[in-house]
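Please walk through the structure shown here, one part at a time.

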Amino acid sequence: MSDVVDVVLVDDHHMFRTGVKASLDAGVRVVGEADTVDEAIRLVRSVQPPVVLLDVHLPGGDGGGGAEVIRACTDLLATTRFLALSVSDASDDVVAVIRAGARGYVTKNIDGPDLSDAVRRVASGDAVFSPRLAGFVLDAFGSSAGDVAIGDDELDRLSAREREVMRLIARGYSYREVASELFISIKTVETHVSAVLRKLQLSSRHELTRWAAARRLL
Amino acid sequence: MRGRWFGGVALGLAAHLDLPVGLVRLAFIVLTPVAAVGPVLYVFWWLAIPAGDPAAAARDVRPSALTRLARRQNVIEPGRRIPVTDIAIGAVLVIAAVLLVAVRAGADVEADWLLPALIVLSGLWLAWSQLDAAQRDRLRDRAGGRTPVSVLRVAGGILLAGVGVLLFIGLGSGEGVEPATLAQSIIAAVVMLGGVALVLTPWWLRLVRELGDERAARARESERADIAAHLHDSVLQTLALIRLRADDSAEVARMARAQERELREWLYDDRPAPGTSVAASLREIVAEVEDSRSGPSGDPVAVEAVVVGDRVPDVDTEALLQATREALVNAVVHGLPPVSLYLEVGASQVEVFVRDHGEGFDLEEVASDRFGVRESIIGRVRRRGGTATVTCKPGRGTEVHLLVPVSSGPDEGEER
């Protein structure tokens with residue numbers, strides 16, 4: 001990667017921000033930091049960085065946390081991409097921020113090289129799925145093999161291939177490993193993952209909606 | 001809500017439908033001559049719809065994740081303490097009723113005055129004694145709330161009940177029982193019952209509603225106390241231990257990991273009852289392995305566990321989980337981190353993948369006397385009609401795939 005990716009780091013814990021900054025490699029540069037919802041919105045709007053590393057739980061604003069920041073910057077989503085960073089494994093937190101428009105989700109115990117990699121991937125327009133997010137997707141869309149999407153435009157079901165990719169990611173495979181396991185290119189894996197992300201964001205699938213409603217996400 | 005005339009139904013409806021209040025009130029008035037639809041609807045909605053601003057209520061609803069540990073503040077508006085005017089109106093109504101009855105009774109006004117007055121008074125006392133002191137205070141605290149309305153309703157109900165009782169007694173003690181008298185008595189009884197119902201129904205409805213609210217509040221309180229106690233017992237202790245053993249990095253990492261997992265479970269999981277969830281059993285196994293086993297270099301190994309679906313454990317899943325444990329121990333002790341674990345509960349089968357980044361082992365080369373892999377993993381699963389495969393690819397680690405067929409659907413656990 002020749003280009004340096006500029007990143008705005010949003011987290012309410014100073015110690016954590018310092019840790020993240022120290023662990024990111026040379027290809028990622030932190031150009032701004034914010035620690036509340038309001039400050040984050042202001043900073044993202046003025047800097048308009050290619051990537052925002054966003055904590056899911058943030059003080060301030062209307063109490064909506066990271067998802068609120070994304071919703072306030074919806075018009076920037078084409079150029080500024082959000083990567084959600086969370087210490088929580090709670091599915092409701094994750095799905096809320098993804099449905100708000102984040103391009104990916106990683107847990108805070110991710111190591112430096114992986115995080116830098118995830119930032120670059122999000123910057124280039126791809127989606128980043130952790131094994132756990134893949135697990136959520138399979139849970140929400142149903143994992144039974146018979147229930148598969150036929151056409152590409154079907155939002156409520158995963159295609160057989162997408163499900164296969166999600167299962168491999170949930171099993172701890174990297175994109176590269178998924179690609180070689182399924183005999184497809186990494187680019188194809190990324191396409192599948194992006195398609196799943198889109199479905200996760202747009203689907204009105206009954207279970208997903210009910211599931212989210214039960215957790216007061218909608 | 002501010003600006004209400006009676007029960008605030010029109011105001012609430014206007015807020016809900018986003019229409020001017022005047023229009024809604026006009027609609028109610030217009031509907032009144034049409035078989036009294038207006039008043040009937042009004043009373044029905046009054047009873048059925050909880051008071052409050054729908055927009056404010058919607059604002060109060062926040063993502064559960066954010067309210068998890070946050071106590072919600074009960075904002076009580078300061079307002080009038082005692083609705084003097086309404087009590088006065090009620091009193092006037094009661095006195096008017098008493099006088100009317102007295103006039104009806106004619107000459108016996110003086111003699112019969114004591115009994116109806118007593119009945120009315122005891123009715124009042126009865127209605128008020130349903131509220132304990134705390135609730136009465138709370139009702140008074142609700143600014144512009146239901147207090148005046150309640151008083152009016154109580155007064156109206158008692159008025160009716162009193163009229164009914166008096167009609168009953170006054171006529172019964174007269175001459176013989178005629179058909180007209182009987183009919184009148186029946187009407188009187190119905191009126192009385194209606195009055196009593198009018199008194200009791202709103203109270204009863206409100207009591208039920210408040211009971212629910214109070215239960216929820218108490219549940220929240222005990223949850224908070226639970227968490228506070230837990231933080232004290234476990235997190236603080238672990239922090240103290242970590243400080244004591246700060247030089248032993250492997251031990252510190254292990255303690256931190258164990259504590260993190262425990263805290264996570266407390267904060268984010270639904271904590272299913274023991275023996276009802278395969279996912280929970282699996283997490284226990286992961287915890288046990290993480291705590292008790294170390295990797296080849298002596299460092300603790302974190303296991304990334306992902307679970308999809310859940311079901312009630314049975315013998316089949318029990319065997320599968322035991323095999324999973326062995327596979328996991330194998331991966332942690334002999335393999336290389338990161339170790340991933342994936343469990344998928346399907347309609348007809350349960351699958352487990354355990355993966356590490358070590359060089360792995362060849363199944364055929366495992367000596368038959370090494371009981372570990374052959375018996376404890378593969379044997380267990382095969383005896384349940386399942387399959388176990390080990391895949392090793394150079395540079396891509398080792399993956400153990402276990403599959404056990406199960407009988408019933410995976411939703412059993414949720415329907416309990």
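Which hand does the crossing of helix 1 of chain B and helix 2 of chain B have? The crossing is right-handed. This and everything below is read from a predicted model. The axes of helix 1 of chain B and helix 2 (residues 21–31) of chain B cross at roughly 125° and come within 8 Å. Helix 1 of chain B is therefore oblique to helix 2 of chain B. On the side of helix 1 of chain B, the contact is made by Ala10(B), Leu11(B), Leu13(B) and Ala14(B). Helix 2 of chain B contributes Val21(B), Val24(B), Arg25(B) and Phe28(B). An α-helix has 3.6 residues a turn, so residues three or four places apart point the same way.

Helix 1 of chain B covers residues 9–17, and Val9(B), Ala10(B), Leu11(B), Gly12(B) and Leu13(B) are buried in that helix. Of these, Ala10(B), Leu11(B) and Leu13(B) also take part in the contact with helix 2 of chain B. Asp18(B) follows helix 1 of chain B and has a positive phi, near 60°.

Chain A offers another helix pair. Helix 7 (residues 160–170) of chain A packs on helix 8 (residues 175–182) of chain A at an angle of about 130°, and their axes are 10 Å apart. That angle is why helix 7 of chain A counts as oblique to helix 8 of chain A. The crossing of these two helices of chain A is right-handed. From helix 7 of chain A, Glu164(A), Val165(A), Leu168(A) and Ile169(A) meet Val178(A), Glu181(A) and Leu182(A) in helix 8 of chain A.

How many of the 11 residues of helix 7 of chain A are buried? The count is 8, and the helix is mostly covered. The buried residues are Glu162(A), Arg163(A), Val165(A), Met166(A), Arg167(A), Leu168(A), Ile169(A) and Ala170(A). Their packing partners lie in both chains. In chain A they pack against helix 6 (131–141), helix 8 and helix 9 (186–202). In chain B they pack against strand 1 (303–308) and strand 2. After helix 7 of chain A comes Gly172(A), with a positive phi near 95°.

Strand 2 of chain B, one of those partners, holds Glu344(B). Is Glu344(B) buried or exposed? Glu344(B) counts as buried because 22 C-beta neighbours lie inside 10 Å, and the cut-off for burial is 20 or more. Its C-alpha atom is separated by 6.0 Å from that of Val307(B), 37 residues apart along the chain.

Val315(B), in helix 14 (residues 315–334) of chain B, is a case of the opposite kind. Val315(B) is exposed because it has 10 other C-beta atoms within 10 Å, and a residue with 12 or fewer is classed that way. The C-alpha atoms of Val315(B) and Arg384(B) are separated by 8.6 Å, with their positions 69 residues apart along the chain.

Next comes the nonpolar core. The largest one has 103 residues, and Leu83(A) and Val97(A) are those with the most contacts inside it. Leaving aside its neighbours within four places in sequence, Leu83(A) is in contact with residues including Val51(A), Leu53(A), Leu54(A), Ala102(A), Arg103(A) and Gly104(A). Also among its contacts are Val106(A), Ala118(A), Val119(A), Val122(A) and Val128(A).

The two chains can also be described as wholes. Chain A has 10 helices and 5 strands, and 49% of its 218 residues count as buried. Chain B has 16 helices and 5 strands, and buried residues make up 25% of its 416 residues. Among contacts between residues at least 6 apart in sequence, 62% join residues at least 24 apart in chain A, and 69% do so in chain B.

Last comes the confidence of the prediction. The predictor gives the complex an ipTM of 0.78 and a pTM of 0.59. Chain B averages a pLDDT of 72, and 64% of the residues score at least 70. Among the elements of chain B, strand 2 (residues 339–345) has the highest mean pLDDT, 88, and helix 16 (residues 412–415) the lowest, 39. Over residues 62–80 of chain B the pLDDT is below 50, and this stretch has 22 contacts in the model beyond near neighbours in sequence. The pLDDT is also below 50 over residues 409–416 of chain B, a stretch with 15 such contacts. Where pLDDT is low, the predicted coordinates should not be read in detail.

Notes:
Residues are numbered from 1 along each chain as its sequence is written. Chains are lettered from A and ligands numbered from 1 in the order in which they are written. This is a predicted model: local features need pLDDT of at least 70, side-chain atom pairs count only at pLDDT 80 or more; totals for chains, interfaces and linings use all residues. A nonpolar core is a set of buried Ala, Val, Leu, Ile, Met, Phe, Trp, Tyr and Cys residues joined through C-beta atoms within 7 Å. Two residues are in contact if their C-beta atoms, placed from the backbone, lie within 7 Å. Helices (H or I, at least four residues) and strands (E, at least two) are DSSP runs, numbered from the N terminus. pLDDT is the predictor's confidence in each residue, from 0 to 100. Axes are lines fitted to C-alpha atoms, for helices over the stretch in contact, and angles run from 0 to 180 degrees between N-to-C directions. Angles under 35 degrees count as roughly parallel, over 145 as roughly antiparallel, 65 to 115 as roughly perpendicular and the rest as oblique. A crossing is left-handed if the near helix is turned anticlockwise from the far one by less than a right angle, and right-handed if clockwise.
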